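Please open the model in your viewer, with the cartoon drawn and the sequence panel beside it. The stops below each begin with something to select and then say what is there.

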Amino acid sequence: MVALAAIEPEMSVQSDYGMALDIREVSHHFDLHGETLPVLDRISFRVRPGEFVAVLGPSGCGKSTLLRLVAGLDRPSSGTILADGEPVVGPDPSRIMVFQDPTLYPWRSVWKNVALGLETRGLLKTRKGRVDDVLRLVGLDGFTKAFPHQLSGGMAQRAALARALVNDPRMLVLDEPLGKLDSLTRIAMQGELLSLWRRSRFTALLVTHDIEEALLLATRVVVLSGRPARIRAELEIDRPYPRHRDDRALVEQRQKVLELLGLGSTW
Amino acid sequence: MSEAVADGVQGASASDTPSAAGFWTVGALAAVGWFAAAGVTVAWPDVYDLDYTPLLAWLQAGVGVILVAVFLSGRRSWRFGRRIHYAGPWILVLGLVFLAWQALTAKLGLLPRPFFCAPQKILAAFVDDWPRILECVYYSLRLLVAGVVTGAVLGFATGVAIGWSRLAHYWGHPLLRFIGPVPATAWLPIAIFVFPTSFTASMFLIALATGMPVAVLTWSGVASVNSVYYDVARTHGANDRFLVLKVAIPAAMPHVFVGLFMGLSFSFAVLVVAELLGVKAGLGWYLQWAQGWAAYGNMWAGLIVMAILCSTLITLLFRGRDRLLAWQKGLLRW
């Protein structure tokens, strides 16, 4: 708690805006050709309002499934998910999922893509200016008329972030949004994501398999086991922002996470 | 082969870009060719009676004059000039074809008559029979538009329904599979019996021919939409109506246009067949009527008009697509 004081100013503002998340005993399985494939096994953890929680785990362990349940795109086989105390029964623009691929609509201009959430809720007429604001925020104000195929990978993912932010979400559900970017773009985007979070006060739940990314961004890291995923550990990352990759404490944490994932001896 | 042609065209244009407008060899040859065709037409006596030999010669000379005008005017400085320049090799070859055609038919009488008629005969059909041709274009167009629009709208709605709704898929899919492959013209005896007029019967057949490919392609377009597109819309608060109208349909539009292209092509075939039976005007009827009178000049004229009509309609469709699907990368240009 001592280290938390360093980020105290943002945290206190965030707590009255971001969404609280309570995942209770959530299990999930898929039915594949008549067979049951368990993917999540009694997952429980809480996310405080305004917190940035990263979920780490081996690939294919069910991290993305967990996020889809939180976003309300699928219903869990058992257990409950509470968003601000209310059970999640479907998708809602207050908790928006950002996908690994930008998945912009290729038939819409960047501006129209970003305006998506306002359009679905009938707010486009009254809040047009919001679209321009967030485009400026992510540095795409010169590309409003461009079509997605004219954007680079980083720009497309920034447009996808803008599309989420235009709704003033109280929680962002991030499914490896930087996973397919080249390493330089990725480092730049980690910084941008962090400053967006610190400025906009939303709660963030990030799935990633990049340990460094999790440690640089998150206030807490949840480590999952292989499929079916169980919670291995929860680590508080009490380091002030902006963090540095070679911070001793982070390097130690990284070693700990690698051991939790069964990769301790390789480093 | 096609590369060689492209090379030839590029070679022709490359040769005169840099050096002060250069000498347009192809253009000069084309002008000479068209004047030669005019000369042959007018100076070499016909072996049989033809009405419009002087008019044809004037028209061919007219093409030559236009070529000379373009040749002298700095053809790269205005739009028409650039188009003529680009079409140069084609114009040259067409001039030679007219020359040879003239010689082989009217002048030497080598090709069997009346099927291989002289170009004057086709000209005569246009000059003497244009009111009837125009009337036939009007009737064909009216029937075609009524049938194609009906078929496209119904096919599109059916395709969206089958692609989107499980219930519509359950009932619609077997019908589409069972009826779809049957050529629309096979319904002709039934259509004539069921529908009160030959116009509505023909319209039904054209609508059927257009609607089937539109329905199938729309359905496949809607069914193949990347499911993440729906997830994105849902997480941003979209309802089902939005998913259909603003996600599924726009995503399926490239498929829909393939269906429209196929449907429109099929509709031409059905139009001709439908007009061969029981109508009193229309291009299909005109072809049969001309053939009945052994007026092969008129028949060829009808075919030319039909080619112009069909290719214009297809071009219009592609224009519409280019406009609507401007977002697509690497569109095929018609």
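Which residues point one way from E8(A), and which point the other way? Select E8(A), and you will find A:Thr203, A:Leu205 and A:Val207 on one side and A:Ala204, A:Leu206 and A:Thr208 on the other, and all are buried; a residue is buried here if 20 or more other C-beta atoms lie within 10 Å of its own, exposed if 12 or fewer, and partly exposed in between, with C-beta atoms placed from the backbone. E8(A) is thus a mostly covered strand, with six of its six residues buried.

Before going on, please note that this is a predicted model, in which local features need pLDDT of at least 70 and side-chain atom pairs count only at pLDDT 80 or more, while totals for chains, interfaces and linings use all residues. Residues are numbered from 1 along each chain as its sequence is written, and chains are lettered from A and ligands numbered from 1 in the order in which they are written. The element names come from DSSP runs numbered from the N terminus, with helices (H or I) of at least four residues and strands (E) of at least two.

**The six-stranded sheet**

Select the strands of chain A in the order E6-E7-E8-E3-E9-E10, which form an open sheet with mixed pairing; two strands are said to pair if DSSP finds at least two bridges between them. E6 and strand E10 (231-236) of chain A stand at the edges, each with a single partner strand, so one side of each has no neighbour in the sheet. From one strand to the next the twist averages 15°, where axes are lines fitted to C-alpha atoms, for helices over the stretch in contact, and angles run from 0 to 180 degrees between N-to-C directions.

Now follow the pairings one at a time. E6(A) runs parallel to E7(A) and is joined to it by four bridges, and A:Met97 has A:Val173 as its bridge partner in E7(A). E7(A) and E8(A) also pair in the parallel sense, over five bridges; here A:Met171 has A:Thr203 as its bridge partner, and A:Asp175 stands opposite A:Val207. On to strand E3 (residues 52-56) of chain A, which runs parallel to E8 (residues 203-208) and is joined to it by five bridges, with A:Leu56 partnered by A:Thr208.

Select strand E7 (residues 171-175) of chain A alone: five of its five residues are buried. A:Met171, A:Val173 and A:Asp175 point one way, whereas A:Leu172 and A:Leu174 point the other way.

**Helices beside the sheet**

Add helix H7 (residues 183-200) of chain A, which makes a right-handed β-α-β unit with E7(A) and E8(A); right-handed means that, with the strands pointing away from the viewer, the path from the first strand over the helix to the second runs clockwise. Then add helix H9 (residues 248-260) of chain A, which lies across E3, strand E9 (220-224) and E10 and runs at about 175° to E10(A).

**Backbone details in the loops**

Most residues other than glycine have a negative phi, and most peptide bonds are trans. Select A:Asp168, in the loop between helix H6 (153-165) and E7 of chain A, which has a positive phi of about 45° although it is not a glycine. A:Arg201, in the loop between H7 and E8 of chain A, likewise has a positive phi, of about 70°. Next, select A:Pro228, in the loop between E9 and E10 of chain A; the peptide bond from A:Arg227 to A:Pro228 is cis, with omega near -10°. The bond from A:Tyr241 to A:Pro242 is cis too, with omega near -10°, and A:Pro242 sits in the loop between E10 and H9 of chain A.

**The second sheet and the chain contact**

Select E2-E1-E4-E5 of chain A, an open sheet of four strands with antiparallel pairing. Strand E4 (residues 78-83) pairs with E5(A) over two bridges, and A:Ala83 stands opposite A:Glu86.

Finally, display both chains: the contact takes 20 residues from chain A and 14 residues from chain B, residues being in contact if their C-beta atoms, placed from the backbone, lie within 7 Å. On the chain A side, three residues, the largest share, come from H4(A).

How values were computed: Contact = placed C-beta atoms within 7 Å.
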